[in-house]
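The following paragraphs lead through the structure shown here, taking up side-chain pairs, then a sheet, and then the packing of helices.

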Amino acid sequence: ACRLVSLPYVASTNCRAVPCLGTIMVWHLDTSSDALALVEAHSSAPWCSLVVEVPLIDGWPDRNALFDSLTSVACLPVFVAPGENAAAAVRNRRPPEIAEITRFVTQRPGYEKLGAHLQQLVRAEKGGSSARSFRRHVSLCSRFSPRHWKWVIQLARIKLLPGESAEALAGRYQTDVRTLRHRIRTCLDVSLDQFRQLVGWEWRVEAALRLDARKRAESGGGRINRS
């Protein structure tokens with residue numbers, strides 16, 4: 001019922017493999033499937049974009065109920081008919097809301113406090129309040145500064161268009177290629193080319209969390225350089 005599709009997104013493996021960043025989890029739903037099993041499978045690798053294949057059966061399943069059951073592990077599951085292109089379905093998703101990104105952080109083991117701080121930071125900025133009071137709290141649980149986490153959120157919300165050049169991508173988000181490349185390398189530890197090849201946004205946030213964890217382990221705490 002479950003398979004993993006990774007770059008170059010033309011072949012799949014079973015769900016026993018450890019999925020790399022940018023992997024899509026495709027779950028084939030049938031009348032004998034258990035939604036709980038799907039939730040458990042995806043919770044083991046929440047950095048995977050989730051695609052649910054739903055047979056064309058009238059009145060089954062209740063997609064709203066199924067979507068609600070997945071909100072604890074997947075912010076934006078995609079429902080497709082069997083045989084549809086999973087990578088294309090993920091590419092065509094809407095960008096995640098900021099609240100969905102911070103919720104993803106909150107649900108990752110060991111990052112509950114960071115996720116809560118990021119949620120407070122976003123709320124404070126929306127209300128016009130100073131974010132200064134949150135910087136110390138963030139610095140206690142992350143090597144990234146609030147500025148870097150803002151970059152992570154911005155990178156997570158980037159929607160890639162087929163055939164778009166790096167220059168056009170950067171221009172569409174009112175920046176230049178050099179700045180975009182720098183932020184991707186600094187926050188995600190991947191190249192701009194890798195960023196453009198991999199689908200989904202969950203892997204981008206996961207990459208930032210993993211990089212942050214490595215830097216904390218290496219230094220014993222504190223923030224990264226603000227350059």
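In this predicted model, Arg94 counts as partly exposed, because its relative accessibility is 41% and the partly exposed class lies between the 20% and 50% limits. The side chain of Arg94 meets that of Glu100 in a salt bridge, with 2.9 Å from N to O, and Glu100, at 12% relative accessibility, counts as buried. This pair belongs to a wider set, since a search of the whole structure finds 10 salt bridges.

Another of these joins Glu202 to Arg93, whose closest N and O atoms are 3.0 Å apart. The pair links distant parts of the chain, for Glu202 sits in helix H11 whereas Arg93 belongs to the loop between helix H3 (86–91) and helix H4 (98–107), with 109 residues separating them. Both partners are buried: Glu202 has a relative accessible area of 4%, and Arg93 has one of 10%.

A further salt bridge is formed by Glu164 and Arg172, the closest N and O atoms being 2.7 Å apart. Here Glu164 is buried, with a relative accessible area of 16%, while Arg172, with 29%, is partly exposed. Elsewhere, salt bridges that share partners connect Arg108, Glu206 and Arg210 into one network.

The next element to follow is the sheet. It is an open sheet of five strands in the order E2-E1-E3-E4-E5, and its pairing is mixed. At its edges lie strand E2 (12–14) and strand E5 (78–80), each of which pairs on one side only, and from one strand to the next the twist averages 30°. Within the sheet, strand E1 (residues 2–5) and strand E3 (residues 24–28) run antiparallel and are joined by four bridges, with Arg3 standing opposite Val26 in E3. Across E3 and strand E4 (49–53) lies helix H1 (residues 35–43), which runs at about 165° to E3.

The last step concerns the packing of two helices. Two packed helices are described by the angle between their axes and the distance between the axes. For helix H9 (residues 177–188) and helix H11 (residues 202–219), the axes come within 7 Å and cross at roughly 60°, which makes H9 oblique to H11. On the H9 side, Arg185, Thr186, Cys187 and Leu188 take part, and they meet Trp203, Arg204, Ala207, Ala208 and Leu211 in H11. Sorted by class, this contact of H9 with H11 has six nonpolar residues, one polar residue and two charged residues.

Note on methods:
Residues numbered from 1 in each chain as written. Predicted model: local features only at pLDDT ≥ 70, side-chain atom pairs only at ≥ 80, totals over all residues. Heavy atoms only, no water. Pairing = 2+ DSSP bridges. Helix = DSSP H or I, 4+ residues; strand = E, 2+ residues; numbered from the N terminus. Axes fitted to C-alpha atoms, helices over the stretch in contact; angles between N-to-C directions. Contact = heavy atoms within 4.5 Å. Parallel < 35°, antiparallel > 145°, perpendicular 65-115°, else oblique. Nonpolar A, V, L, I, M, F, W, Y, C, P; charged D, E, K, R; others polar. Salt bridge = Lys/Arg side-chain N within 4 Å of Asp/Glu carboxyl O. Buried < 20%, exposed > 50% of the residue type's maximum accessible area, 1.4 Å probe, protein only.
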